[in-house]
Amino acid sequence: MTLNNRRAFLKNSVLGTAGLVFTSKVRAQISTPRDAEGPFYPITPQKDKDADLTKVAGKLGTAKGTIINIFGQVFDTNSNPIEDATIDLWQANSFGKYHHPHDTSDAPIDENFQSWAIIQSGKNGAFRFKTVMPGAYPYQAKAEDQRTPHIHMKIGKHGYEPVLTQMYFPDQEQNKTDGLYQRKTKTQQAMMTAQYTEKPNEFLYNIFLEKI
Ligand SMILES: [Fe+2]
């Protein structure tokens with residue numbers, strides 16, 4: 001090795017090491033950002049809380065609206081998958097109405113929409129659920145503003161900090177004006193917004209929990 005080559009080698013090694021450190025910092029994720037619980041966490045008991053929200057057990061109909069599939073994995077902040085995490089999720093129906101006695105809006109109730117599910121991550125932290133695209137709805141404190149479509153989630157597992165959050169959708173017009181969404185940083189928005197996949201009406205959403 002000539003002196004010049006050796007200098008170049010050392011320089012590259014140092015940069016390479018720095019690069020690795022930087023890379024590992026970038027790869028270490030932060031926890032999924034938290035968001036407001038909102039006023040409509042379900043309080044009416046329901047038996048059917050499975051991963052298909054488009055059908056209600058004992059009813060023949062299907063929920064109205066655009067059927068969507070959401071899948072992803074639950075990870076810790078070092079990108080290790082977390083199995084058996086509980087994902088408690090609830091959302092408005094396609095008309096923007098919650099199945100909740102405190103939702104007094106005029107939007108129609110959809111009796112065939114399950115509206116609430118409690119599911120668990122499985123092998124490799126994977127989860128999946130089927131639902132309908134939630135409708136936008138008036139923000140109660142300021143009725144002229146619309147809440148952009150979102151799905152509320154509480155994610156927990158013993159030994160990890162629980163996360164109460166809202167999952168958002170890409171390219172929604174109301175994302176630009178939604179107060180809760182807009183107060184997040186771009187990085188937070190990116191972590192909280194589901195991604196398109198190659199399949200229509202299918203979205204990818206990964207969740208990150210911090211170890212206690
Ligand atoms: Fe909501």
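In the next few minutes I will go through the iron site, three salt bridges and two backbone details of this structure, which is a predicted model.

Let me begin with the metal. The iron ion has as its protein donors Tyr98 through OH, Tyr137 through OH, and His150 and His152, each through NE2, with distances of 1.9 to 2.1 Å. Read along the chain, these donors follow the spacing Y-x38-Y-x12-H-x1-H. The angles among the four donor atoms run from 92 to 159°, and the site is classed as irregular; since a tetrahedral assignment would require every angle to lie between 85 and 135 degrees, the upper end of that range is what rules it out. I would add the caution that water is not among the atoms, so the site may look incomplete. As for the two histidines, His150 is buried at 2% relative accessible area, and His152 is likewise buried, at 2%.

UniProt, in an unreviewed entry, places the domain feature "Intradiol ring-cleavage dioxygenases" at residues 70-98. In the model that span is 41% strand and 0% helix, and its end C-alpha atoms are 20 Å apart.

Now to the charged pairs. The count of salt bridges comes to six, and I will describe three of them, beginning with Glu37 and Lys154, whose side chains meet at 3.5 Å, N to O. This pair links distant parts of the chain, with Glu37 in the loop between α1 and β1 and Lys154 in strand β7, 117 residues apart. Glu37 is partly exposed at 30%, and Lys154 is partly exposed at 28%.

A further salt bridge joins Arg128 and Glu202 at 3.6 Å, N to O. Arg128 belongs to strand β4 and Glu202 to strand β10, so this pair ties together parts that are 74 residues apart in sequence. Here Arg128 counts as partly exposed, at 43% relative accessibility, whereas Glu202 counts as buried, at 8%.

In the pair of Asp178 and Arg147, the side chains meet at 2.8 Å, N to O. Asp178 sits in the loop between β8 and α2, while Arg147 is in strand β6, 31 residues away along the chain, and both residues are buried.

Finally, the backbone. Asn124, in the loop between β3 and β4, has a positive phi of about 60° although it is not a glycine, and this residue is partly exposed at 43% relative accessibility. Asp171, in the loop between β8 and α2, also has a positive phi, near 60°, and Asp171 counts as exposed, at 65%.

Notes
Residues numbered from 1 in each chain as written. Predicted model: local features only at pLDDT ≥ 70, side-chain atom pairs only at ≥ 80, totals over all residues. Heavy atoms only, no water. Helix = DSSP H or I, 4+ residues; strand = E, 2+ residues; numbered from the N terminus. Buried < 20%, exposed > 50% of the residue type's maximum accessible area, 1.4 Å probe, protein only. UniProt positions renumbered as here; feature names shortened; annotations may be inferred. Donors = N, O, S within 2.8 Å, 3.2 Å for Na, K, Ca; no water. Tetrahedral: all angles 85-135°; square planar, octahedral: opposite > 155°, others 65-115°. Salt bridge = Lys/Arg side-chain N within 4 Å of Asp/Glu carboxyl O.
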